[in-house]
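User: I am new to reading structures, and I would like to understand how the words used to describe one are justified. Could we go through this one step by step?

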Amino acid sequence: MNDKGIRKNIEKIILKKKFENVAVKVENKVVYLTGKVNSYDAFLDLGLRIGKKKNVEGVVNNLEYPNKERKEKKKGSASKIGKADVVIVGGGVIGSSIARELSKYKLRVILVEKASDVACGTTKANNAMVHTGIGENMGTLKQKLCVKGQQMFEKISDELNVPYKQNGMWIITTKDSLAKMKLPSFISDFIAKRIIPMIVLRRGKKLGITMNLTKRRELLKREPNITKKVLAGIYSPTYGITCPYLFTIALAENAMENGVEVMLNTEVVDIVTKESKVESVVTTKGIIDANFVINAAGLYTDEIAGMAGAREYTIHPKKGATLIFDKKANEYINHSMSMLRFPRTKHYKGGGAMTTIDGNIQWGPTISETPDKEDTTVTTEDIEKMFESYSPLLEDFPEKLVITYFSGLRACTFTEDFIIKSSKKIKGFVHAAGIQSPGLTAAPAIAEMTISLLKNEGLKLEAKNNFDPYNKKKIVTRDLSNEEKKKLIEKNPQYGEIVCRCEQVTKGEVVDAIHSKIPALSIDAIKRRTRAGMGRCQGGFCLPNIVKILAQETDIPIEKILKNEGGSDLFIGRAKCLLEDKYDEN
Amino acid sequence: MMKTDVTVIGGGPAGLAAALKAAEKADVMLLERNKELGGILPQCIHDGFGNFIFKKMLTGPEYAQHYIDKIKKSNIKVKTETTVLEIDTNKNIIATNSIDGIMEIQAESIILAMGCRERTRSQILVPGTRPAGIYTAGTAQRLINIDGVMPGEKIVILGSGDVGLIMARRFTLEGAKVEGVYEIMPRPSGLTRNVVQCLDDYGIPLHLSHTVTSIKGKKRVEGVTVTKVDESMKPVKETEMFIPCDCLILAVGLIPENELSKQINIIMDERTKGATVNERMETSVPGIFACGNVVHVYDLVDDVTITAEIAGKNAAQYVKEKPETTEEIQVVAGDNIGYVVPQIINNRDLDSVTLYFRVQREKKDASIVVLDGKKQVFEKKERIVKPPEMIKITLSKKTLTALTKNELRIDVRCRK
Ligand SMILES: Cc1cc2nc3c(=O)[nH]c(=O)nc-3n(C[C@H](O)[C@H](O)[C@H](O)COP(=O)(O)OP(=O)(O)OC[C@H]3O[C@@H](n4cnc5c(N)ncnc54)[C@H](O)[C@@H]3O)c2cc1C
Ligand SMILES: Cc1cc2nc3c(=O)[nH]c(=O)nc-3n(C[C@H](O)[C@H](O)[C@H](O)COP(=O)(O)OP(=O)(O)OC[C@H]3O[C@@H](n4cnc5c(N)ncnc54)[C@H](O)[C@@H]3O)c2cc1C
């Protein structure tokens, strides 16, 4: 179907659904919407309806709705600060994976990230599952890259010396799986027990995923705390878990070791093109000349594309909230588990009770739309939804043992699939956009795919012969035996001093993080690298310790220490500062 | 491998008193993870400590110093900046510090005195964002009083525990504005004396039956939404109110710090969240004693010191001679009683036994009675009893020797 045909179809929808002030344009199978609707829900509704249509490759939804936030354009700095073959925008798992992949070639590569650390966007707030791909719709790019990425994950994790475990996953059906359908129970139980598992197994076979059907009795033996309402379970042994920020930090550090330059605290504000070709990238720190740009800016990919005049999709964030439980609850399950429910509702995308790489149990994620790309609140409704969705999975689970909760935002497009391709409008501009779940899993495959796109765009790739894929193992004292600890402390006494009681993190590990390749210069950056503050007291004990070490090891005054980004100052000043102000006034 | 008679874990008021008492009869080693001894006291620079023992109001550091001076003069081996990582039922201890590295210590007897920790935002599931500017009251106290930094200038305090009340005053004295203290229960959870001296005297409002239902702010706290709750503690949406502030302080409870106790499956009391102990402050594992806030959260440090001395004395005694358990009298929390410590009496051939407990509901004209089976063996009248105020009663030798049943029950009744 050509653009004209697509446009006709869409005009039909608009008419039928009575959208009065909406205009459509179609170009290269990308639909551009302009005009006005009366709510954000209507904005979403129309976008999603169009996104589902066959042949539509992208929806740029520029519809106005009440209270739409306007952003001021940020000013860049006019000084030239560099020249590169490729600039990568965004230091999430996607940008960092691409950086490492590119570092295998004789190229000058710069990664720019607006935050003070890598892995600060969606990459830090997700469920860390390395999915098999069984949960994705058949035939999507998401699924293809997920299956491939999963196969690559172990090797990369080994090379980078970051934790990765194939801890397995139960996909279960219960008496509640079809509750919403209101069928007689003998029918719904039959479907849940026999039909659904069969379909899942068949799908798995097609994708080449190992999965075993397990009888209810056997399942209850292996997972004694699972709900007694369970009907069937499929065990998927290759399901994996990673640590998304350790993984991403390691990717970025390895890329740096191999020559990539990572510029933190640097925001891209414009992209200069000439004759529809990328020429340079304007940042808050200055201008970088480059002929190739990779857009891996997560939630902001649509805006970055807009800067280059290559807007070919709009991102609508979908929030997902997660609860994490105290390690005291760890032994309640042996493997992650997810319950299938039909029909899928807007608010339940699956998810379940899953283990993290550190063994804690997490519940999540929820799913809900939000217009705000920075809206990482966890609302009362989110908390209620999590209890409602995941509490039925386990019997007598110690639900009171929550140690923390957070939410992350999925960068969804209206076509609801990854958009990884070269811009049809601007030469040298490559999109790695719409990377919602399972983007973490797919990251290695996305990186490979992006490189081949660059090649097609005309980038010359010449392999380096001194590429070093390995990262040195970082010291984690809690994983060592007492003998190993003794030896280590003899060499460096700081590894004997515990600064975080819950996770038993030593001063040595905190100092290592502060002085690592990408230095950890905030409390959260240290937390992500060491786990200090992630335990049950949530930093109540270690915060003052970490603050002091950070001040000692850097030249940041103690009262200026940040929780994470600029503006997140932990303190307003020294003690007595408010009194001094008052005296000054008098 | 080092050897000692008694090893005390934790150098707060409980550990200090226990170590000193034990050192009268035995070799003692004291392990403390902080740089300074004194536990929580060095940061409690307000007065209100020692009224019972010293008959005067000392500050926390003054109270602690009294015991620290004595420790310095004793032959107790003190190791600070030393964290205990593991203990086992054979009383092997593994600890770490930067000088000795990983230490293995073989003790005859162990005294657990690890104190307590604060409940966090997550444990009460406060919704919202996760910006800078949210602290538990004890952490805020430490930040201001020890580390010399100011956590905020417009403060909302959630929870009316004692530390929160003390901090309301402390923030005010530092020039910050405390917008109010919000308590979900219909009554304050801290001591009346603290409500009067820390809130009323400074005109800080206390809003009972209120809670925080949302935190706003991406980088730093920008404000919180407070909401009234109904009788079943459910927030009433219509009463939501947004309060701009840059700092939220949580004083929502303390929990005994029992990670180590749990490693060796010591029997815990669900209600106190501490170990079950007998009249000698011995836990269910023979030779392992516990005292102070690790057993249950005390109101007053004087009581911590007194019970810690009991633990110290008996730990040293245990090294000399393992006592035989002659009997087991269960001390039962009866009508209107939340919990009682000690939970067990193993030997009543003593001069006296003091029982500590809290009531569940406030009662005027109360009568505290102790029953040996159906027989009343003790009565004490109180004008008023309240849950935040711990009550203690002492049973005399005469009462103890006259007991006949293996269950001792305490009831709090109304006299009218
Ligand atoms: C709740 C939830 C659960 C999930 N669970 C899983 C899971 O279990 N398994 C899985 O495989 N996937 C999961 N995902 C998906 C996965 O987290 C994402 O696909 C992945 O993190 C996307 O990475 P990214 O690098 O594209 O985005 P991001 O991590 O958001 O990185 C984009 C980066 O670009 C930077 N940036 C933006 N604008 C600019 C600019 N102008 N200049 C410079 N830098 C800029 C940002 O600061 C950010 O660091 C989950 C997602 C969510 C929300
Ligand atoms: C803000 C506040 C105000 C108070 N006000 C008053 C008052 O006005 N009057 C009054 O009488 N009482 C008051 N109290 C109560 C009194 O301070 C406590 O009852 C007392 O400190 C409890 O003593 P503790 O030794 O049991 O615990 P803590 O003082 O908490 O000491 C426990 C010690 O154990 C150490 N430790 C824990 N685990 C380990 C480990 N694994 N290895 C090594 N060391 C370890 C800790 O570092 C700590 O130093 C107040 C308490 C607070 C918090």
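Analyst: Yes, and please keep in mind that this is a predicted model. We can start with ligand 2, which has 34 residues around it, and of these Glu32(B), Ile40(B), Gly48(B), Asn293(B) and Val301(B) come nearest.

User: What makes the pair between ligand 2 and the side chain of Glu32(B) a polar contact?

Analyst: A polar contact is a pair of N or O atoms within 3.5 Å. An oxygen atom of ligand 2 is 2.6 Å from an N or O atom in the side chain of Glu32(B), so this pair meets the cut-off of 3.5 Å. A nitrogen atom of ligand 2 is 3.0 Å from a backbone N or O atom of Val84(B), and a polar side-chain atom of Arg193(B) is 3.1 Å from an oxygen atom of the ligand. On its own, ligand 2 has 1,000 Å² of accessible area, and the protein covers 94% of this.

User: How do you know which parts of chain B supply the shell around ligand 2?

Analyst: Helix 1 (13–23), strand 3 (47–49), strand 6 (83–87) and helix 7 (301–320) of chain B each supply at least two residues of the shell, and the largest share, three residues, comes from helix 7. Both domain 1 (2–117 + 255–323) and domain 2 (120–252) of chain B give at least three residues each. By residue type, the shell divides into 16 nonpolar, 13 polar and five charged residues.

User: Turning to aromatic rings, why is the pair of Phe571(A) and Tyr135(B) called stacked?

Analyst: The whole structure holds 18 aromatic pairs over all chains. In the pair of Phe571(A) and Tyr135(B), the ring centres are 6.4 Å apart and the planes stand at 15°, so the pair is stacked; the cut-offs are centres within 6.5 Å and planes under 30 degrees apart. The pair crosses between chains, with Phe571(A) in the loop between helix 14 (542–553) and strand 28 (573–574) of chain A, and Tyr135(B) in strand 10 (residues 134–136) of chain B. Both Phe571(A) and Tyr135(B) are buried.

User: What makes the pair of Tyr63(B) and Tyr67(B) tilted?

Analyst: Their centres are 5.4 Å apart, with 40° between the planes. Stacked needs an angle under 30 degrees and edge-to-face one over 60, so a pair with 40° between its planes counts as tilted. Tyr63(B) and Tyr67(B) both lie in helix 2 (residues 60–73) of chain B, four residues apart, which is about one turn of the helix, and both are buried.

Conventions
Residues are numbered from 1 along each chain as its sequence is written. Chains are lettered from A and ligands numbered from 1 in the order in which they are written. This is a predicted model: local features need pLDDT of at least 70, side-chain atom pairs count only at pLDDT 80 or more; totals for chains, interfaces and linings use all residues. Side-chain values use heavy atoms; hydrogens and water are left out. A residue is near a molecule or strand if one of its heavy atoms lies within 4 Å of it. A polar contact is a pair of N or O atoms within 3.5 Å; within protein, one must be able to donate a hydrogen and the other to accept it, and residues adjacent in sequence count only if both atoms are side-chain atoms. Accessible areas come from the Shrake-Rupley method with a 1.4 Å probe; for residues, only the protein chains shown count as cover. Ala, Val, Leu, Ile, Met, Phe, Trp, Tyr, Cys and Pro count as nonpolar, Asp, Glu, Lys and Arg as charged, and the others, Gly among them, as polar. Domain bounds come from an automatic or database domain assignment. Rings of Phe, Tyr and Trp (its six-membered ring) pair if their centres lie within 6.5 Å; planes under 30 degrees apart count as stacked, over 60 as edge-to-face and the rest as tilted. Buried means under 20% relative accessible area, exposed over 50%, partly exposed in between (1.4 Å probe, protein chains only).
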